Amino acid sequence: MAYTTIDNPELYFQCKIWSGNATDDTSITLDGSENMQPDFVWTKRRNASTNHDLWDAVRGALEQIASNNTEAEATISSSLKSFNSDGFTVGTNTNLNASGGTYVAWCWKESATAGFDILTYTGNATNRTISHNLSAVPQVVIVKRRDSATAWSNLHLNGSGSTHRMVLNDNTAKEDDATFWQDTDPTSSVFSLGTSSSTNVNTGTYVAYCFAEKQGFSKFGTYVGNGNNSGPYVYTGFRPAMVICKGLASNREWVMHDNKRDAENVVDGTLYANETDAEGTGTARMDFLSNGFKIREDGNNWNANTETYIYMAFAEQPFVNSNGVPGNAR
């Protein structure tokens, strides 16, 4: 059986849905059984075409970047205004709080225990390493230049590997280029950078989100599609709260599913991290199970025959907790 050191994943990751009211300084309270102050909040309006807005406590509230475009960091005074002990506060920005708007946020707490680190650095255009605080090898590193319009760069160690980068703001295939990661795997203390302007231009400013796997809480891997509505089953060791997947081939979107927009199986609420599209529903995409997820879609973004897909998954409940008590399916 799989055991975990994190019996309550809601201390480190939670999804939240809410409806806007166009009122300044509106508190959005997370729904977990215990309070969590998030350090990284990724938001998307569900019922309109808008940016995916990403906020973190290291860069500071009000400082926005968007996963679906290359734009530089922007200061938006009416946006996410503070990180609170039990959630966050929003202003009247329509991406976060329009009257009649429906929204989702995916919220992480920065913690080595949960395998998540946020860091910023300044580029120098030479091969180098950047220290992180995980004391474990990050399986995923996501980098965005802050001071200029530049594409996102993703390292997915168990998927595309350190010889390639993937682009969060695009549906392109994995790209083979040593100037991103020096073709060098991360270690338990550092990750490597080359000279690409997307990761290390001289005097450029950057943010990096680093994720290490934690048994029973997070899993970053691959699966191979079968082109069938009864698609692959993927073992994670927990009941997922969130799954992100992306095909390594071209024209494959970054698909996002969670347990709050779809509280029961089948999961159909679809958002794309690289697109502004409103949420799509009505087509079965996957099931969230007590110990993983199963694809229920034969479309190219989830399950093209013989294609490889990367995934990132975060837990709602471990399959077996630290006392040996098994979790239930939903």
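This report describes salt bridges and one strand pairing in a predicted model.

**Salt bridges**

Side chains of opposite charge can pair when their charged atoms come close. In this model, the count comes to 17 salt bridges. Three of these pairs are set out below, each with the distance between the N and O atoms.

| Pair | N to O distance |
|---|---|
| Lys-260 and Asp-31 | 3.7 Å |
| Arg-59 and Glu-73 | 2.9 Å |
| Asp-258 and Arg-261 | 2.5 Å |

The salt bridge between Lys-260 and Asp-31 has its closest N and O atoms 3.7 Å apart. This pair links distant parts of the chain, with the two positions 229 residues apart in numbering. Lys-260 lies in the loop between strand 21 (255–258) and strand 22 (271–272), whereas Asp-31 lies in the loop between strand 2 (26–29) and strand 3 (40–45). Lys-260 has a relative accessible area of 26% and is therefore partly exposed. Asp-31 is also classed as partly exposed, because its relative accessibility is 44%.

In the second pair, the side chains of Arg-59 and Glu-73 meet at 2.9 Å, N to O. These residues are 14 residues apart and likewise link distant parts of the chain. Arg-59 is in the loop between strand 4 (52–56) and strand 5 (63–66), and Glu-73 is in the loop between strand 5 and strand 6 (74–75). Arg-59 counts as buried, at 8% relative accessibility, while Glu-73 is partly exposed, at 22%. The two partners fall into separate classes because buried means under 20% relative accessible area.

The third pair joins Asp-258 to Arg-261 through a salt bridge of 2.5 Å, N to O. Asp-258 is buried, with a relative accessible area of 0%, and Arg-261 counts as buried at 10% relative accessibility. Through salt bridges that share partners, Asp-258 and Arg-261 belong to one network with Arg-46 and Glu-279.

**Strand 2 and its partner**

The loop that holds Asp-31 follows strand 2, which spans residues 26–29. In a regular strand the side chains alternate between the two faces of the sheet. In strand 2, Thr-26 and Ile-28 form the covered face, and Ser-27 and Thr-29 form the uncovered one.

Which strand is joined to strand 2, and in what direction do the two run? Strand 2 is joined by 4 bridges to strand 8 (residues 87–90), and the two strands run antiparallel. Within this pairing, Thr-26 of the covered face stands opposite Val-90 in strand 8.

Definitions and conventions: Residues numbered from 1 in each chain as written. Predicted model: local features only at pLDDT ≥ 70, side-chain atom pairs only at ≥ 80, totals over all residues. Heavy atoms only, no water. Salt bridge = Lys/Arg side-chain N within 4 Å of Asp/Glu carboxyl O. Buried < 20%, exposed > 50% of the residue type's maximum accessible area, 1.4 Å probe, protein only. Pairing = 2+ DSSP bridges.
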